[in-house]
Number of protein chains: 2
Amino acid sequence: MGTGAAMDVEALRGRIRDVPDFPQPGILFRDITPLLADPAAFRRVVDLMAAPYAGIGTVVAIESRGFILGAPLAYALGAGLVPVRKLGRLPAETLREEYALEYGANTVEIHRDAMDAGERVVIVDDLLATGGTARAAANLVERLGGVIAGICVLAELTALRGRDLLADYDVRSLIEY
Amino acid sequence: MGTGAAMDVEALRGRIRDVPDFPQPGILFRDITPLLADPAAFRRVVDLMAAPYAGIGTVVAIESRGFILGAPLAYALGAGLVPVRKLGRLPAETLREEYALEYGANTVEIHRDAMDAGERVVIVDDLLATGGTARAAANLVERLGGVIAGICVLAELTALRGRDLLADYDVRSLIEY
């Protein structure tokens with residue numbers, strides 16, 4: 001979009017800024033908002049993340065930054081979108097999973113009627129850290145009978161070894177830290 | 001997407017389900033998750049919402065269901081995405097606005113460097129109720145010097161007269177209740 005060649009991954013990495021001590025002292029936060037605000041970078045990220053999943057009918061997106069990537073990924077794939085949300089946000093009957101975060105703990109939910117058994121899905125989030133959130137989302141999908149074709153994130157903090165918790169799945173990240 | 005003709009607005013309305021007494025007794029919640037999960041309906045909603053805004057460079061999406069519509073709208077338009085988030089979620093320097101909700105009160109933030117002065121934007125959310133959230137987002141955009149080309153929602157609760165609070169803007173909704 002205004003640049004001659006498609007942006008490569010290093011150019012995309014350059015659109016993510018480091019914010020020290022957020023959300024708490026000692027945490028270096030990878031802020032993707034400059035990337036999102038750049039039309040070419042945003043489009044390129046969605047296209048690169050979507051590429052391996054042609055034919056997948058459902059994208060499961062994790063609240064709330066996962067919505068920002070998962071929703072356009074679903075649109076680009078011609079798929080439906082299923083949200084995994086924080087406790088108390090989904091209005092109908094839900095399944096729940098508790099998990100530990102990099103900083104704190106959390107519970108996520110999915111609607112009981114969110115998908116049919118046997119449905120092939122890709123789980124999308126912005127960041128893979130310890131893998132707790134993605135693992136909880138994967139558990140929810142499997143409790144509904146969904147088949148996880150992959151877990152896809154924009155950025156991965158490899159030192160936190162989130163892939164160890166997700167060893168059963170095909171995990172893809174665009175950018176590693 | 002599996003259907004011969006594009007879905008019309010009444011077919012889309014049929015994909016929204018009513019959940020009584022959520023999030024509190026007496027509130028009839030319009031649950032868009034069945035619509036999101038339907039690939040043809042999701043795609044159609046994004047395309048219909050995007051249609052009036054060709055050439056707009058920035059979509060401002062309101063956390064968190066606004067992300068689900070605003071992000072694919074930005075992708076479809078070839079625009080960048082700027083999130084308006086709840087208090088404490090954005091890592092860099094922000095501007096804040098407080099506002100009254102249909103049930104409760106809230107504060108939203110935008111990054112100070114989220115856009116250039118003079119930038120034309122569309123503000124996107126899932127629902128227009130009292131208009132407080134959209135008005136707060138509009139105030140944030142204008143404090144940054146942005147120019148609001150429109151405010152666009154999927155569903156509007158007309159009895160709550162949110163448009164009165166947004167009289168300065170071009171407000172579009174796909175579905176009225």
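1. In chain B, strand β4 (residues 80-86) and strand β6 (residues 105-111) are joined by two bridges and pair in the antiparallel sense. One such link sets B:R85 against B:E109 in β6(B), its bridge partner. The model is predicted, and this note should be read with that in mind.

2. The wider setting of these strands is an open sheet of seven strands in chain B, ordered β5-β6-β4-β3-β7-β8-β9, with mixed pairing. At the edges stand β5 (94-100) and β9 (171-176) of chain B; each has a single partner strand, so one side of each is left without a neighbour in the sheet. On average, neighbouring strands of this sheet are turned by 25° against each other, direction ignored.

3. A helix covers part of this sheet. Helix α4 (residues 65-77) of chain B packs on the sheet and touches β3 (58-62), β4, β7 (120-128) and β8 (147-156) of chain B. The direction of α4(B) makes about 140° with that of β7(B).

4. Chain A also has an open sheet of seven strands, with the order β5-β6-β4-β3-β7-β8-β9 and mixed pairing. Its edge strands are β5 and β9 (171-176) of chain A, each of which pairs on one side only. From one strand to the next, the twist averages 25°.

5. At one edge of the chain A sheet, β5(A) pairs with strand β6 (residues 105-111) of chain A in the antiparallel sense, over seven bridges. Within this pairing, A:Y99 stands opposite A:N106 in β6(A).

6. Two helices of chain A can be placed against its strands. α5(A) packs on the sheet and touches β3 (58-62), β4 (80-86), β5, β6, β7 and β8 of chain A, its direction making about 155° with that of β5(A). Helix α3 (residues 39-50) of chain A lies across β7 (120-128), β8 (147-156) and β9 of chain A, and runs at about 145° to β8(A).

7. Salt bridges come next. Over all chains, the count by the rule used is 28. One of the salt bridges joins A:E97 and A:R143, whose closest N and O atoms are 3.1 Å apart. A:E97 lies in strand β5 (residues 94-100) of chain A and A:R143 in helix α5 (residues 132-143) of chain A, so the pair ties together parts that are 46 residues apart in sequence.

8. The two chains also meet. In chain B, 42 residues are in contact with 42 residues of chain A. The area buried between the chains is about 3,300 Å², and carbon and sulfur atoms give 61% of this area. B:Y75, B:L81 and B:P91 supply 22% of the area that chain B buries against chain A, more than any other three residues.

9. Across the interface of chain B and chain A the rule finds two salt bridges. A:R17 forms a salt bridge with B:D113, with the closest N and O atoms 2.6 Å apart. Between the two chains, 18 residue pairs are in polar contact, counting pairs with both residues at pLDDT 80 or more.

10. Which elements give two or more residues to the side of chain B that touches chain A? They are β1 (17-20), β2 (28-31), α2 (33-37), α3 (39-50), α4 and β4 of chain B. The most comes from α4(B), with eight residues. By kind, the residues on this side of chain B divide into 24 nonpolar, seven polar and eleven charged.

Terms used. Residues numbered from 1 in each chain as written. Chains lettered and ligands numbered in written order. Predicted model: local features only at pLDDT ≥ 70, side-chain atom pairs only at ≥ 80, totals over all residues. Heavy atoms only, no water. Pairing = 2+ DSSP bridges. Helix = DSSP H or I, 4+ residues; strand = E, 2+ residues; numbered from the N terminus. Axes fitted to C-alpha atoms, helices over the stretch in contact; angles between N-to-C directions. Contact = heavy atoms within 4.5 Å. Buried area = accessible area lost by both parts, 1.4 Å probe. Salt bridge = Lys/Arg side-chain N within 4 Å of Asp/Glu carboxyl O. Polar contact = N/O pair within 3.5 Å; in protein donor to acceptor, adjacent residues only side chain to side chain. Nonpolar A, V, L, I, M, F, W, Y, C, P; charged D, E, K, R; others polar.
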